[in-house]
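Student: I have a model to go through. Can we take it strand by strand?
Tutor: Yes. Ask away.

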Amino acid sequence: MTLRLLEFVVAGNEASDLLPVCSPALLRAHRARRGFWTVLDEGPVERCLALLLERDDGEWVAHHVAADAGRENGRTEDGEALAHHDGWVYVFGSQFGSKAGPLRPRRAFVARFREADAAAGTLPLEVVRNRFRLHRAVNDALAAAPFSTLPAGDRVRDRFIVETLARGTARAKSWVTRLAEDDLPVNVEAAAFTPAGTVLLGLRFPVTAEGEPILVELAGVADMFVDDGSRSRRGVRRAELELSDGSPRAVGAYALTGVTPAGTLTGFRAVAPTPDGGYAAVIGSIDALGKGSVLLDDHPHGGEVTSRHVAFRWEPTPDARVAGKLVTELAPFHHVEGLAELDGSCFYVTDEDHRVALWIG
């Protein structure tokens with residue numbers, strides 16, 4: 001595949017994920033014929049939303065979107081994944097920590113906004129800092145899965161789980177009850193909603209014992225944003241929504257098979273619905289090389305992995321396997337962070353130093 005490169009400077013930051021703009025009003029406001037949302041991964045979420053737009057004359061431009069999260073301004077970091085659902089754009093924090101640990105509560109958030117509101121000044125942004133509720137739901141799903149996960153490794157467990165528990169206990173944080181010493185640290189890098197209203201989270205880590213990437217299906221994400229007494233139940237199976245405190249609930253965990261090169265570990269970097277009702281995804285390394293990653297100290301064969309564009313249908317088997325197929329190798333890239341299939345073209349965004357790189361093929 002031949003790729004054409006477009007480069008942008010957006011707040012001197014790097015991009016994560018790529019989500020097509022669906023709002024005609026937003027496109028009209030920018031005199032654009034198509035475009036994408038991306039999230040910049042350094043800083044609070046209200047400062048990290050951007051648009052990559054192709055104007056009516058064919059010129060591509062970047063627009064840094066001004067947003068306001070109210071009392072949650074400045075209290076989040078590391079937005080990683082974007083997804084459309086029921087008229088909203090959702091932004092998922094990584095739920096992870098720095099590359100040497102521990103877990104960071106600021107990264108345990110979900111935000112959302114109405115896309116058309118970005119056409120009319122400062123964008124109102126709703127933020128829920130979930131205080132490791134999502135971490136708990138994902139770990140519960142992994143514990144119940146019929147496949148085994150790769151053990152975290154002693155350094156990973158000490159740095160990410162044991163140290164987080166110690167810090168939270170010392171500061172009398174209520175969220176310590178949602179972590180356990182045998183938990184796995186969770187790094188969310190991708191998200192896409194299903195027609196049933198559940199969300200598929202693509203994990204960069206953990207992976208299966210065979211090194212395959214994992215999807216976790218959660219219900220009740222929209223309910224995190226409304227008070228207990230008035231939760232909307234539209235679009236999600238009622239049986240999955242017996243929630244007492246706004247916590248998302250695990251539906252299941254699934255392994256994506258057939259796409260991981262032998263002898264390597266691969267995690268999700270992006271997931272996007274496709275026009276044919278399936279899903280496209282990018283898989284790649286479990287963490288970046290040369291940046292002091294404790295994950296790679298314990299699992300070095302998860303680092304020297306180039307990105308792959310893969311596809312799957314959402315048809316889990318009874319043993320929680322989802323069959324994937326390779327679409328294209330994205331070598332030599334190690335850092336493809338988002339993809340979209342739109343108007344017969346494939347679009348990829350890569351994580352570059354202090355710039356945003358959009359590749360069109």
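Student: How many residues of strand E12 (residues 187-193) are buried?
Tutor: This is a predicted model, where local features need pLDDT of at least 70, side-chain atom pairs count only at pLDDT 80 or more, and totals for chains, interfaces and linings use all residues. Residues are numbered from 1 along each chain as its sequence is written, and side-chain values use heavy atoms, with hydrogens and water left out. Buried means under 20% relative accessible area, exposed over 50%, partly exposed in between (1.4 Å probe, protein chains only). Strand E12 is mostly covered, and the buried count is 7 of its 7 residues.

Student: Which residue of E13 is the bridge partner of Ala 191?
Tutor: Strands (E, at least two residues) and helices (H or I, at least four) are DSSP runs, numbered from the N terminus. Two strands pair if DSSP finds at least two bridges between them. E12 and strand E13 (residues 199-205) have 6 bridges, in the antiparallel sense. In E13, Ala 191 is matched with Leu 201.

Student: Which residue in the hairpin of E12 and E13 takes a positive phi?
Tutor: This hairpin has 5 residues between the strands. The phi in question lies near 95 degrees, and the residue is Gly 197.

Student: What is the strand order of the open sheet that contains E20?
Tutor: Strands of a sheet pair through backbone hydrogen bonds, either parallel or antiparallel. Here 4 strands pair in the antiparallel way, in the order E1-E22-E21-E20. Strand E1 (4-8) and strand E20 (336-342) each pair on one side only, so they are the edge strands. From one strand to the next, the twist averages 20 degrees (axes are lines fitted to C-alpha atoms, for helices over the stretch in contact; angles run from 0 to 180 degrees between N-to-C directions). The order is E1-E22-E21-E20.

Student: Which residue of E21 is the bridge partner of Glu 341?
Tutor: E20 and strand E21 (residues 345-352) run antiparallel, joined by 6 bridges. Within E21, the partner of Glu 341 is Cys 346.

Student: Which residue of E22 is the bridge partner of Phe 8?
Tutor: Strand E22 (residues 355-360) is mostly covered, with 5 of its 6 residues buried. E1 and E22 run antiparallel over 5 bridges. In E22, Phe 8 is matched with Val 356.

Student: Which residue has a positive phi in the hairpin of E21 and E22?
Tutor: E21 and E22 are antiparallel and share 6 bridges. One of the pairs is Tyr 348 with Trp 359. The hairpin has 2 residues between the strands. Its positive phi, near 60 degrees, belongs to His 354.

Student: Why does His 30 count as buried?
Tutor: His 30 sits in the loop between helix H1 (24-29) and strand E3 (32-40). Not counting residues up to four places away in sequence, His 30 touches Leu 51, Leu 53, Arg 55 and His 63 (contact means heavy atoms within 4.5 Å). His 30 counts as buried because its relative accessibility is 16%.

Student: Which residue in E5 stands opposite Leu 51?
Tutor: Strand E4 (residues 49-55) and E5 run antiparallel, with 5 bridges. They belong to an open sheet in the order E2-E3-E4-E5. Its edge strands are strand E2 (15-20) and strand E5 (60-64). Opposite Leu 51 stands His 63.

Student: Where does pLDDT stay under 50?
Tutor: pLDDT is the predictor's confidence in each residue, from 0 to 100. The protein has a mean of 92, and 94% of its residues reach 70 or more. The stretch under 50 has 40 contacts beyond four places in sequence, and it covers residues 228-244.
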